[in-house]
Amino acid sequence: MKKQPQDDEENAETNAKELVKALLRLGLTPEQIAEGIHYRVGWRTIYRWGYAETQPQQKEHIKALQRLLETKQGEKNVHN
């Protein structure tokens, strides 16, 4: 079965929301998340992704969020 473009959009929205929520649970603010992904987008966009009001337009944004989450989780584990 071929993947529909809508499926990709829904996955991007879900992934962005989950990634942002995970970063927020680690204690980061939307401003810190934006800084952590080198201001690819502003903090307001990060907020909107976290509440699924919008979704990333580029897959690279999802990858940047994933890298940031992995980094922050690694830092947390080192400090514990």
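A search of the whole of this predicted model finds one aromatic pair. To see the pair, select Tyr47 and Tyr51. Their rings lie 4.7 Å apart, centre to centre, with 40° between the planes, and the pair is classed as tilted. A pair of aromatic rings is described by the distance of the centres and the angle of the planes.

Next, keep Tyr51 in view and add Lys21. The charged end of Lys21 sits over the ring of Tyr51, at 3.7 Å from the centre of that ring.

Now display the surface and select Trp43 together with Tyr47 and Tyr51. These residues make a nonpolar surface patch of about 320 Å². How exposed is each member? Trp43 has a relative accessibility of 41% and therefore counts as partly exposed, since that value falls between the 20% and 50% limits. Tyr47 is also partly exposed, with a relative accessible area of 38%. For Tyr51 the relative accessible area is 41%, so this residue is partly exposed.

Trp43 leads to the next stop, as its place is in helix α3. Select residues 43-50 to show this helix. Which residues of α3 are buried? They are Ile46, Trp49 and Gly50. These residues cover an arc of only 100° around the axis, and therefore lie on the same side of α3. A view along the helix axis is suited to inspecting this arc.

Finally, move past the end of the helix and select Ala52. This residue follows α3 and has a positive phi, near 55°.

How values were computed: Residues are numbered from 1 along each chain as its sequence is written. This is a predicted model: local features need pLDDT of at least 70, side-chain atom pairs count only at pLDDT 80 or more; totals for chains, interfaces and linings use all residues. Side-chain values use heavy atoms; hydrogens and water are left out. Buried means under 20% relative accessible area, exposed over 50%, partly exposed in between (1.4 Å probe, protein chains only). Helices (H or I, at least four residues) and strands (E, at least two) are DSSP runs, numbered from the N terminus. The arc is that of the directions from the helix axis to the C-beta atoms. Patches are made of residues with over 30% relative accessible area and no salt bridge: like charges are joined within 9 Å, nonpolar side chains (Val, Leu, Ile, Met, Phe, Trp, Tyr) within 5 Å. Accessible areas come from the Shrake-Rupley method with a 1.4 Å probe; for residues, only the protein chains shown count as cover. A salt bridge is a side-chain nitrogen of Lys or Arg within 4 Å of a carboxyl oxygen of Asp or Glu. Rings of Phe, Tyr and Trp (its six-membered ring) pair if their centres lie within 6.5 Å; planes under 30 degrees apart count as stacked, over 60 as edge-to-face and the rest as tilted. A charge sits over a ring if NZ of Lys or CZ of Arg is within 6 Å of the ring centre and within 35 degrees of the ring normal.
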